[in-house]
Amino acid sequence: MPGAVVLNKIDLKTNGLELSWSKSEETTFSSYRINRSENVNGPFSIIDIKSDINTTNYVDENVVFGKRYFYRIAVLINGGDESFSNIESLVFEGENIDVGAKIVRMIQDPVRPYIYALDKVNNSLLFI
């Protein structure tokens, strides 16, 4: 079995959750598989694959405000064996404004004082 990497504490960013982990020492390294779950006991799903052994960070931008996510990093070696890191979790949260909608994405206007948000339930674009 390959040696497991250590997943560091997750950082909250304005655009998502940032993961970082220790570099694998495997000579037959194939890839890192970034796994996410909404429950500590799984099931975990692969959300991204990194083939460069030197890539040891990832920002998960596909998160929903107020929801807790659990992550682990798999190290896959040639031949198919893999090992898993420790599990870390964090809730995607911060300052909030209740707009009475189910917002799934937001982006800040770089020129004007607006935030644009997508309301999934009402299929609308909001200007905040």
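**A three-stranded sheet and an aromatic surface**

Strand β2 (residues 16-20) pairs with β5 in the antiparallel sense, over four bridges; strands here are DSSP runs of E with at least two residues, numbered from the N terminus, and two of them pair if DSSP finds at least two bridges between them. The model is a predicted one, with local features needing pLDDT of at least 70 and side-chain atom pairs counting only at pLDDT 80 or more, while totals for chains, interfaces and linings use all residues. Numbering runs from 1 along each chain as its sequence is written, and side-chain values use heavy atoms, leaving out hydrogens and water.

Within the β2-β5 pairing, L17 sits opposite D60 in β5. Both strands belong to an open sheet of three, in the order β1-β2-β5 with antiparallel pairing. β1 (11-13) and β5 (57-60) are the edge strands with a single partner each, so one side of each has no neighbour in the sheet.

Now for the aromatics. There are four aromatic pairs in the structure, a pair being rings of Phe, Tyr and Trp (its six-membered ring) with centres within 6.5 Å, and planes under 30 degrees apart counting as stacked, over 60 as edge-to-face and the rest as tilted. The Y116 and F127 rings have centres 5.2 Å apart and planes at 85 degrees, so this pair is edge-to-face. It links distant parts of the chain, with Y116 in strand β10 (residues 115-119) and F127 in strand β11, eleven residues apart. Elsewhere, W21, F29 and Y32 make up one aromatic cluster.

F127 counts as exposed, at 54% relative accessibility, and L125, in strand β11 (residues 124-127), is partly exposed at 47% (buried is under 20%, exposed over 50%, partly exposed in between; 1.4 Å probe, protein chains only).
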